[in-house]
Amino acid sequence: MLNFILETVKAEQKEALLNIAEFYIYHFSTLKDIDLNEQGRWEFKPVLNYVDAEAEGRYAYFVRVEGKLAGFVLVSKDGDEGEAGIDEFFIMAKYRRNGLGQAVARQLFDMFPGRWFVYEYFKNESAISFWRRVIGEYTNGNYVETPVDEPNGYVGFIQRFTAEGKA
């Protein structure tokens, strides 16, 4: 497994977050009907709502391996006692399949003890498999998964569980 750090995204790093988010959206273009804009870019501006937004319960982290950008994670937390959720989770292909994603997820769960949810889009089979395995191992199988089919377009699965905060 690679050594990594989670680094809080700072205001002056917004452009880097937008740039790396384009790789994330590129992945989703195989799963959803997503088109480029007239400048040949995918715009995913909602990621910026997580930068400097800790007071509102939103957190943006870069994943760094040996100082290099390797991904990003967006987390939301609903109040002091509320549920935390992984809103977006991206590890670059170069860094996948070696335990990095699982280690990042475990560190996040430990950073925010309490109730959690993770949602996967129904066509994203690799994410569904990944999260079932990671959450299953983290909780020793003590999680609840429910299918989601909401009018706002959320179709997939949600896992809910409690993180004990082992860090």
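Asp52 is exposed in this predicted model, with a relative accessible area of 52%. Because the threshold for an exposed residue is over 50%, a value of 52% places Asp52 in that class. The residue is located in the loop that joins helix H1 (14-28) to strand E2 (58-65). Although Asp52 is not a glycine, its phi is positive, at about 55°.

A second residue with a positive phi is Glu66, for which the angle is near 50°; this residue, too, is other than glycine. Glu66 belongs to the loop between E2 and strand E3 (68-77). With a relative accessible area of 68%, Glu66 is exposed.

The protein chain as a whole contains 3 helices and 7 strands. Their order along the sequence is β-α-β-β-β-α-β-α-β-β. Of the 167 residues in the chain, 46% are buried. The accessible surface of the chain amounts to about 9,400 Å², and carbon and sulfur atoms contribute 48% of that area. Among contacts with a separation of 6 or more, 60% are formed by residues 24 or more positions apart.

Two of the helices pack against each other. Helix H2 (residues 100-111) and helix H3 (residues 125-139) have axes 10 Å apart and meet at an angle of about 50°; H2 and H3 are therefore oblique to each other. The crossing of H2 past H3 is right-handed. On the H2 side, the contact involves Gly101, Gln102, Ala105, Arg106, Phe109 and Asp110. These residues face Phe130, Trp131, Arg133, Val134, Ile135, Glu137 and Tyr138 of H3. By character, the residues of the contact between H2 and H3 comprise 7 nonpolar, 2 polar and 4 charged.

Gln159 forms part of strand E7 (residues 155-163). Its relative accessibility is 0%, so Gln159 counts as buried. Beyond its neighbours within four places in sequence, Gln159 is in contact with Trp116, Phe117, Val118 and Glu120, and further contacts are made with Trp131, Arg132 and Ile135 as well as with Tyr143, Val144 and Glu145. One of these partners, Phe117, is 42 residues away from Gln159 along the chain, yet the C-alpha atoms of the two residues are separated by 5.5 Å. Trp131 and Ile135, which are in contact with Gln159, are also among the H3 residues that meet H2.

Conventions:
Residues numbered from 1 in each chain as written. Predicted model: local features only at pLDDT ≥ 70, side-chain atom pairs only at ≥ 80, totals over all residues. Heavy atoms only, no water. Helix = DSSP H or I, 4+ residues; strand = E, 2+ residues; numbered from the N terminus. Buried < 20%, exposed > 50% of the residue type's maximum accessible area, 1.4 Å probe, protein only. Contact = heavy atoms within 4.5 Å. Areas by Shrake-Rupley, 256 points an atom, 1.4 Å probe, with all protein chains shown as cover. Axes fitted to C-alpha atoms, helices over the stretch in contact; angles between N-to-C directions. Parallel < 35°, antiparallel > 145°, perpendicular 65-115°, else oblique. Left-handed = near helix turned anticlockwise from the far one by under 90°. Nonpolar A, V, L, I, M, F, W, Y, C, P; charged D, E, K, R; others polar.
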